[in-house]
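Please open the model in your viewer and keep the sequence beside it, since this tour moves from one selection to the next. At each stop, select what is named and then read what is there.

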Amino acid sequence: MNSPAMWMARALRLAYRGLYTTDPNPRVGCVLVKQDRLVGEGYHKRAGEPHAEINALRQAGDNARGATAYVTLEPCAHHGRTGPCAQALIDAGVTEVVAAMQDPNSQVAGKGFAQLETAGIMVGWGLLEEEARALNPGFISRMSRGRPYVRLKMAMSLDGRTAMSSGESQWITGPAARTQVQRLRARSSAVVSGIDSIIFDDSRLTVRAEQLQLNDAESIASRQPLRVILDSHLRMPLAAACLREPGRTLVMTCQQDDDRRQSLIEAGADVVVLPAGKDGRVGLVALMEYLASEEQINEVLLETGATLAGAMLDEELVDEMQLFLAPTLLGGEARPLFALPGLETMAQRRGLEIIDIRAVGNDWRITARPKPAGASRRA
């Protein structure tokens, strides 16, 4: 006899199929089981299309009556672009719903479960919750904290350098690492960078299908993440390559220069003025709040240089670090990984929690989480 955990694991695998496509919605999978037999399954593919429960119910047909639904997220009880899934499960005659986690969306949280219970359906949740939460860090962050989940990507040499002193940096890492970066971009709602990356590298910040090495790569690359350039003083070149790429380029500034803003708009950018932070540059907390509330951004991939990376760490806005380590040395004159002024003693050092280390081609990828300031341990 199959266990409930096995059915939920199957639902989670289904949800993972939407990793690159559901934004700004969460990734959700659903499995319908009757007398220990799979009768229907589905996952949410794209915003505006049917949710996981609806796809599973359509596959099950009349077999849904008397079935147990294993779903990775609490069924919705509100009308959005699609109808409420809780009511669809009730109408189909499902007798039990097992969810991995409660929906963090205040429009839903607990209401889907309550609607099901009122209809006489048994409800349980918490099965494989940690795995379900790992599927949707951005959606959970946006709903519970009012800001996106920020993933910082950086490539460095073995001596912790990101570029030569001249700014030359292509390529520190090899093709396998660059494929991983493309996949990080593809799953992200937005790619955030500083203006120097545009001025010096003319970065496109796009997902390139030929480098993804995934099935359906062309379709995945057709949904380009929002490109967000922090440009406090409106230095954005009007001929920048990213302005000519598919999708949107959003220039965030704190400069009130109407003529320059209009020129950028005519060149293809969207321009938003935000309050300046304490350093006279775009306020980073305000930036993250704007992206969450106005752009519905779940996951941010931060691809930038030492200054912005250090400032984001300083503001404790980085949730995860993806550090690609190449077996090469660039020397003491090369550019550092982070600019973190004010660290003068070991007691002030910034601690990291290492989550994973693995080989990627000839390079290594380190996944880490920053610890709160002052949380460093004695070596």
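Begin by selecting Val31 and Tyr70, because in this predicted model Val31 stands opposite Tyr70 in strand 3. Widen the selection to strand 1, residues 29-34, and you will see that strand 1 and strand 3 pair in the antiparallel sense over 4 bridges.

Keep Tyr70 selected and add Val98, which is the bridge partner of Tyr70 in strand 4. Strand 4 covers residues 96-99, and its pairing with strand 3 is parallel, again described by 4 bridges.

Now colour strand 3 by itself, residues 68-71, and turn it so that each face can be inspected: are the residues on its two sides buried or exposed? Both faces are covered, with Thr68 and Tyr70 buried on one side and Ala69 and Val71 buried on the other.

**Loops on either side of strand 1**

Move back along the chain to Pro24, which lies in the loop between helix 1 (4-16) and strand 1. Select Asp23 together with Pro24 and look at the peptide bond that joins them, which is cis, with omega at about 5 degrees.

Next, pass to the loop between strand 1 and strand 2 (37-43), where Asp36 is found. Although Asp36 is not a glycine, its phi is positive, at about 60 degrees. The relative accessible area of Asp36 is 29%, so this residue counts as partly exposed.

**The two domains**

Zoom out and colour the protein chain by its domain assignment, which gives domain 1 as 4-135 and domain 2 as 147-370. The contact between them takes 8 residues from domain 1 and 11 residues from domain 2. If you place a marker at the centre of each domain, taken over C-alpha atoms, the two centres are separated by 34 Å.

The area buried between domain 1 and domain 2 is about 860 Å², and carbon and sulfur atoms give 44% of it. Which residues of domain 1 lose the most area to domain 2? They are Tyr20, Asp23 and Pro24, which together account for 67% of what that side buries, and with them the tour returns to the cis bond between Asp23 and Pro24.

While the interface of domain 1 and domain 2 is in view, note that the rule finds 1 salt bridge across it. Then select Glu299 and Arg27, whose side chains meet in a salt bridge with an N to O distance of 2.8 Å.

**Helix 13 and the annotated positions**

In domain 2, a useful selection comes from the UniProt record, an unreviewed entry, which places the feature "binding site" at a set of positions including Ala155, Ser169, Trp171, Asp201, Ser232, Leu308 and Ala309. Two of these can be visited one after the other, beginning with Leu308, which is found in helix 13, residues 306-314. Leu308 counts as buried because its relative accessibility is 14%, which falls under the 20% cut-off. Beyond residues up to four places away in sequence, Leu308 touches Ser193, Gly194, Leu230, Leu284 and Leu302.

Ala309 is also found in helix 13, and with a relative accessibility of 0% this residue is buried. Once its neighbours within four places in sequence are set aside, the contacts of Ala309 are Leu152, Met154, Thr304 and Phe338.

From Thr304 you can step across to Ser197, since Thr304 is also listed among the contacts of Ser197, together with Asp202, Ser203 and Glu303, when neighbours within four places in sequence are left out. Ser197 lies in helix 8, residues 195-201, and is buried, with a relative accessible area of 14%.

**The loop between strand 9 and strand 10**

For the last stop, show the loop between strand 9 (226-230) and strand 10 (249-253), and select Leu234 within it. Leu234 has a positive phi, near 55 degrees, in a residue other than glycine, and it is buried, with a relative accessible area of 5%.

Glu245 is found in the loop between strand 9 and strand 10 as well. Apart from neighbours within four places in sequence, Glu245 is in contact with Arg204, Thr206 and Arg227. To finish, draw a line from the C-alpha of Glu245 to the C-alpha of Asp279, which are 34 residues apart in sequence and 31 Å apart in space.

Definitions and conventions
Residues numbered from 1 in each chain as written. Predicted model: local features only at pLDDT ≥ 70, side-chain atom pairs only at ≥ 80, totals over all residues. Heavy atoms only, no water. Buried < 20%, exposed > 50% of the residue type's maximum accessible area, 1.4 Å probe, protein only. Pairing = 2+ DSSP bridges. UniProt positions renumbered as here; feature names shortened; annotations may be inferred. Contact = heavy atoms within 4.5 Å. Domains from an automatic or database assignment. Buried area = accessible area lost by both parts, 1.4 Å probe. Salt bridge = Lys/Arg side-chain N within 4 Å of Asp/Glu carboxyl O.
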